[in-house]
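Welcome, and thanks for taking a look at this one. Please open the sequence and the structure side by side, then work through the briefing below.

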Amino acid sequence: MCFDRYSRYLSDSLIPPSSPPGMAADSMEIDDSLYSRQRYVLGDSAMHQMAQSSVFLSGMGGLGIEIAKNIVLAGVKAVTLHDPKQCETWDLGSNFFIRKEDVVEAVCPRVAELNPYVHVDMSSSAMDDNTDLSFLREYQCVILTETRLSLQKRVNEFCHSQQPPIRFIGCDAYGICVRVFCDFGEEFEVSDPTGEEPKETFIQTITQDNPGVVTCMDNQPHGLQTGQSVVFREVNGMVELNGTARQVSVLSPHSFAIGDTSQLQPYAHGGFFVLMKTPKTYRFETIERQLCDPQVLTPDFSKPEAPLQIHAAMLALDTFQEQHSRLPNIGCLQDAEVLLKLTEEVNATLRNKASVNPELVRCLSRTARGTLPPLAAAVGGLASQEVLKAITGKFAPLQQWFYLDAIEVVKPLQSVSAEEFFPRGDRYDGLRACIGESMCLELHKLRVFMVGCGAIGCEMLKNFALLGVGLAKSSGEVCITDPDLIEKSNLNRQFLFRPHHIQKPKSTTAAEATHDINPDLHVDAHLNKVCPATESIYNDSFYSRLNLVVTALDNVEARRYVDSRCVSNQRPLLDSGTMGTKGHTEIIVPNLTESYNSHRDPPEEEIPFCTLKSFPSVIEHTIQWARDKFENAFVHKPSMYNSFWQTHPSAEVVLQRMQAGESLEGSFQVIKLLSRRPSQWEQCITVARLKFEKYFKRKALQLLHSFPLDTRLKDGSKFFSNTCIPIKLPDEFTIIYNNTVLFNDLNTARLFAGIYNIPYSEKDLSEEAVTRILSDVNIPEYRPSEKSIVTDESAKKPDQIKMPLSSEEEREAITQLEQAIATDSVTAGSLLQLSPLQFEKDDDSNGHIDFVASASALRARMYSIEPADRLKTKRIAGKIIPAIATATAAVAGLVALELIKVVGAYEFESFKNCFFNLAIPVVVLTEPATVKRTRIRDNIYFSIWDCWTIFGHEDFTLSDFMNAVREKYGIEPTMVVHGVKMLYVPVMPGHSKRLKLTMQKLIKPSVDRRYVDLTVSFAPEADGDDDLPGPPVRYYFSRNGETP
């Protein structure tokens, strides 16, 4: 197969595209339904700049196609894909948009399919030393891959000389080594180097002095540096500071000076400050200037000299190509020695250099003709983020070289015969040149279980397809599972999906798309969660057939569960995750490393109940309050209502039981809902208006009634200035009834109509109609209540359903139910059913986010808190994790590299975990944590991977079990626990009698249960010491481990 790669889609000249019609850039509106997760990473300003930028990308090999995918998904205005070379069969192993049967016409439309807002065209014209480069002036960024260094230099000089400069990125991937070079011009201004959201720090005091000194509340560290500037908000007393920026001079970790405040009003209370982001200018040099004295990023501190060693080796490889018009031949020792000599010569000319690494050079020579798709994916993610930085000025750019090697992948293969690496005329020739035929075959017969088919899952499946993981003809398999359906917002990152896939299952759709990339793959797609409820499907027998497990999950709880199953079944686990531009990978190998559950992040801090209910101080509090109100009014209450009437189908019987003095759980809340339920649209408006009155006026008045502004604590200090939380005072005002409030009531009424199944028309939604109804609403006069307001931060929200009712509340409920029965309000079956909502953040038409945004903003106004816009509200209320395709591609590539090592059963030192932040940028590769071995006594040790086993039978007693453990493992058991049930604790009354009971009777296993894992403690070495821990003891209910 040897065709012009893209001839039918390429023009004959290097002419940039004209702007396509109907693009996002034309209207400057951002399609939030597509870009919402990315907006939280880049921000709207950067998104707008991308939508006006054109990019030229040369080279459609593995690295080039990765960059093309990522920047088209991101949403640039236009991309020109350039490649004059012809396609060969082994390109199928690196370019996932090439198909065997349609090589000629595949790439352009398949890349264009990724994003309808991006115009993609192609060019196949040669670009060489004689090409007129003036056509590049139409682009804001130029990326060269698979391009000779001499041509890279020429194009780079041209781009650097333009006004303004054209941002230039050069990328190369040869076998195990890759490099990225960035030159964004003499002066490149970055608006936001880190992308981190400024932290709000509350103020304890500000002195009226020269200089004035700010002290943080509760001695919180401010994290500032002298010379930075902060902006003040919501300061009471010294109000002149609000909205102003002051340069700081750090005095201590929790105090700083801000210049003269002696002429300002005295500070009273409250307020906070945030760090003011200031633009930063970066300076770049051309390739020519950087060659001898390169500025490099160091990703692996266990080999700090590696970047400079790769720099010299790859420059020598450039020289080798110039001299021989080819790359070194696979397995040719003579070429390797020539390259080594060239490397030594090049290294001698460098000012910034390290000693030559002969092993690295020889591995590079042997693999230079090959390709490692995961390495291209990892570095393609990083390079793509640099493209986005180049055209937006968002995040700190790479200065100026990034080098990465995968020598750990090929180092153990050096003794393998050269014939293993020779091409065989198939799609795996590029991979084979790096890892050899035997390793390729191991990948083909691999049986992998991947949990999750979202963004990381799609990228992993692409890597599996290129690596040939799980081929049907080799009895391999990739089993995937994901219960979710595809949403439009997924299309921005989950590149296997297209608009026509929306609302289809992720797993089956991803399986079909993966089969298109590599038809030989055997992908078995499931729609299940992996959790205790599905252990009958994903049981021990299932895990026993696997070689390894990959997680592509978005929550910690699911990761912990899958990890526990892998530890229990002694299976390797490859985990990864992203948040915005940050990513991590963790490699878990039986008996070598710790597991995911070996380390636990601190639990997420909950907002105290009293803060949410009465004393919010930041916008997150008001958003969570509004989210809770949604859940309570539109989800919890109607669900409880339905559940009650399903349990008690007759209102008359309920009334009789209550009149007889019987307490029915939830009856008071249900009857209150029944007595107040609206039956017409007008009543929905009325309910919404009364809710507004309750929450945005009366609650404030009640708080000020309970705690007047002059309220003092026992020590005489003011309540509102000395509470342990930075309280914002509710204003003593009635919120003016404006369009915001009208919108809040209208949206609230629509949601009530939804749960009560009440129809309404477009006319009913008109401002005129709603205003008319509102004008007739009777607002009861406010009368203060003597109900106490919770101020204890440790107090938990009470469960209203389980709270005992007062006699007055019981009488009120009986009366309301009697009235409902008398008026036939409960005879119709439909009246005993509501339609609970399910909070959905990504459907803008359902009003869910609108409710939370408006309610949060109104509450924020009550407490003088700066409101959040709808986008921020949606992120917080929906617990949305910011995400971008660049980071997703990078983590999946890094994980797939480790997969090769796991398959090869490499030594511990070969494995690498990674943490990166592409925004800064920083990439840190580290060894995994070694497995810890705990001493029980003498020479008896155990680790998390150990599991002792005891085989029993139907009459096997607890005493038999303990004797069996003692005889088999030489240590005396003292306590046996199953889950949370204590089977035997000597000091517990009656437990000694249990020794004669059978294990079957004590544990009561389900009929299909083969074994249980028991926690056993052992006798200490000396009397008085604590019992010693041990590994889980797996007790089988029958001698052969079969189901009893």
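Is Cys87 buried or exposed? Cys87 is buried, because its relative accessibility is 0%. Please keep in mind that this is a predicted model. The points below go through cysteines, salt bridges, charged patches and backbone features.

**Cysteines**

- A search of the whole structure turns up 0 disulfides.
- Cys440 shows why a given cysteine can stay unpaired: its sulfur lies 9.2 Å from the closest cysteine sulfur, which belongs to Cys434, and that is too far for a bond. A disulfide here would need the two sulfur atoms within 2.5 Å.
- Cys440 is also buried, with a relative accessible area of 0%.

**Salt bridges**

- The count of salt bridges comes to 50. As background, side chains of opposite charge can pair when their charged atoms come close.
- Lys462 pairs with Glu66 in one of these, and the closest N and O atoms are 2.4 Å apart. Lys462 sits in helix H14 (residues 455-467) and Glu66 in helix H4 (residues 62-74), so this pair ties together parts that are 396 residues apart in sequence.
- Both ends of that pair are out of reach of the probe by the usual cut-off of under 20%: Lys462 is buried at a relative accessible area of 0%, and Glu66 is buried at 2%.- Glu337 and Arg362 meet through their side chains in another salt bridge, at 2.9 Å from N to O. Glu337 belongs to helix H9 and Arg362 to helix H10 (residues 358-367), so the pair ties together parts that are 25 residues apart in sequence.
- Glu337 is partly exposed, with a relative accessible area of 38%, and Arg362 is partly exposed as well, at 35%.
- Arg432 and Glu437 form a salt bridge too, with 2.5 Å from N to O. Arg432 counts as buried at 2% relative accessibility, and Glu437 is buried with a relative accessible area of 13%.
- Some salt bridges share partners: Asp32, Arg37, Arg39, Asp44, Asp842 and Lys874 are joined into one network in this way.

**Charged surface patches**

- Which residues form a negative surface patch? Asp1023, Asp1025, Asp1026 and Asp1027 do.
- Within that patch, Asp1025 has its place in the loop between strand E34 (1011-1018) and strand E35 (1033-1036). Asp1025 counts as partly exposed, because its relative accessibility is 46%.
- A positive surface patch is made up of Lys613, Arg676, Lys694, Lys699, Lys787 and Lys797.
- Lys797, one of its members, lies in the loop between helix H25 (767-775) and H26. Lys797 is exposed, with a relative accessible area of 57%.

**Cis peptide bonds**

- Most residues other than glycine have a negative phi, and most peptide bonds are trans. That makes a few places worth a visit.
- Gln163 and Pro164 are joined by a cis peptide bond, with omega at about -5°. Pro164 lies in the loop between helix H6 (149-161) and strand E8 (167-174).
- The peptide bond from Ile920 to Pro921 is cis as well, and its omega is near -10°. Pro921 is found in the loop between strand E27 (913-917) and strand E28 (922-926).

**Positive phi outside glycine**

- Ser325 is not a glycine, yet its phi is positive, at about 55°. Its place is the loop between helix H8 (306-324) and helix H9 (333-349).
- Is Ser325 buried or exposed? Ser325 is exposed, given its relative accessible area of 69%.
- Phe395 also has a positive phi, near 85°, and is a residue other than glycine. Phe395 is found in the loop between helix H11 (373-392) and strand E20 (401-405).
- In contrast to the exposed Ser325, Phe395 is buried, with a relative accessible area of 2%.

**A contact along the chain**

- Where does Glu840 lie? Glu840 is in the loop between helix H26 (807-822) and helix H27 (848-862).
- Glu840 is partly exposed, at a relative accessible area of 30%.
- The C-alpha atoms of Glu840 and Gly878 are separated by 8.0 Å, and the two residues are 38 residues apart along the chain.

Definitions and conventions. Residues numbered from 1 in each chain as written. Predicted model: local features only at pLDDT ≥ 70, side-chain atom pairs only at ≥ 80, totals over all residues. Heavy atoms only, no water. Patch = residues over 30% accessible without salt bridge, like charges linked within 9 Å, V, L, I, M, F, W, Y side chains within 5 Å. Areas by Shrake-Rupley, 256 points an atom, 1.4 Å probe, with all protein chains shown as cover. Salt bridge = Lys/Arg side-chain N within 4 Å of Asp/Glu carboxyl O. Lys, Arg positive; Asp, Glu negative; His and termini not counted. Charge placed at Lys NZ, Arg CZ, Asp CG, Glu CD. Helix = DSSP H or I, 4+ residues; strand = E, 2+ residues; numbered from the N terminus. Buried < 20%, exposed > 50% of the residue type's maximum accessible area, 1.4 Å probe, protein only.
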